[in-house]
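Me: I should like to examine the terms applied to this structure one by one. Please set each value against its criterion before drawing a conclusion.

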Amino acid sequence: MWLDMNINNSNFKKSIIEKSNINNLLTIRDIWILKRSELKELGFNDLEIKEIIIKLQLKGYDLNRKKY
């Protein structure tokens, strides 16, 4: 399943992958379960959060465990 993909094998920007690894977010699912405010607390900036949201939406998902 796409959500179980290792973040290192995803097509996210390098900065997103690095911040994910630092914060022990190893899979896309680990990011998907978070809220925007939680991502900000972990050091992600607005552009990175927008990229995450867009890539999740393209696969039919949204932050905070929402599925379309």
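Reply: The discussion below takes up helix packing, burial and salt bridges in what is a predicted model.

Me: Why are α1 and α4 called roughly perpendicular to each other?

Reply: The axes of helix α1 (residues 14–22) and helix α4 (residues 46–58) cross at roughly 95°. Angles from 65 to 115 degrees count as roughly perpendicular, and α1 and α4 are therefore placed in that class. The two axes come within 10 Å.

Me: Which residues make the contact of α1 with α4?

Reply: From α1 the contributors are S15, I16 and K19, and from α4 they are E48, E51 and I52. Sorted by class, this contact has two nonpolar, one polar and three charged residues.

Me: What makes E51 of helix α4 count as buried or exposed?

Reply: The relative accessible area of E51 is 15%. Buried means under 20%, so E51 counts as buried. Beyond its neighbours within four places in sequence, E51 is in contact with N11, F12, K13 and I16.

Me: How do you know that E51 and K55 form a salt bridge?

Reply: Their side chains meet with N and O 3.8 Å apart. A salt bridge requires a side-chain nitrogen of Lys or Arg within 4 Å of a carboxyl oxygen of Asp or Glu, and the pair E51 and K55 therefore qualifies. Both residues lie in helix α4, four residues apart, which means a separation of about one helical turn.

Me: How many salt bridges does the structure hold, and what makes the pair D46 and R36 one of them?

Reply: The structure holds six salt bridges. For D46 and R36, the closest N and O atoms are 3.9 Å apart. The limit is 4 Å, so this pair also meets the criterion. The bridge links distant parts of the chain, with D46 in helix α4 and R36 in helix α3 (residues 36–41), 10 residues apart.

Me: What else is D46 joined to by a salt bridge?

Reply: The side chain of D46 also meets that of K40, at 2.8 Å from N to O. R36, K40 and D46 are thus linked in a network of salt bridges.

Me: Why are the residues of this network called partly exposed?

Reply: The relative accessible area is 36% for D46, 34% for R36 and 43% for K40. Buried means under 20% and exposed means over 50%, with partly exposed in between. D46, R36 and K40 therefore each count as partly exposed.

Me: How do you know on which side of α1 its buried residues lie?

Reply: The buried residues of α1 are I16, I17 and S20. They cover an arc of only 100° around the axis, which puts them on the same side of α1. What covers these buried residues includes α2 (28–32) and α4.

Me: Which exposed residues does the opposite face of α1 carry?

Reply: The face turned away from the buried side of α1 carries the exposed residues K14 and I22.

Me: What is noted of the backbone just after α1?

Reply: At N24, just after α1, phi is positive, at about 60°.

Conventions. Residues numbered from 1 in each chain as written. Predicted model: local features only at pLDDT ≥ 70, side-chain atom pairs only at ≥ 80, totals over all residues. Heavy atoms only, no water. Axes fitted to C-alpha atoms, helices over the stretch in contact; angles between N-to-C directions. Helix = DSSP H or I, 4+ residues; strand = E, 2+ residues; numbered from the N terminus. Parallel < 35°, antiparallel > 145°, perpendicular 65-115°, else oblique. Contact = heavy atoms within 4.5 Å. Nonpolar A, V, L, I, M, F, W, Y, C, P; charged D, E, K, R; others polar. Buried < 20%, exposed > 50% of the residue type's maximum accessible area, 1.4 Å probe, protein only. Arc of directions from axis to C-beta.
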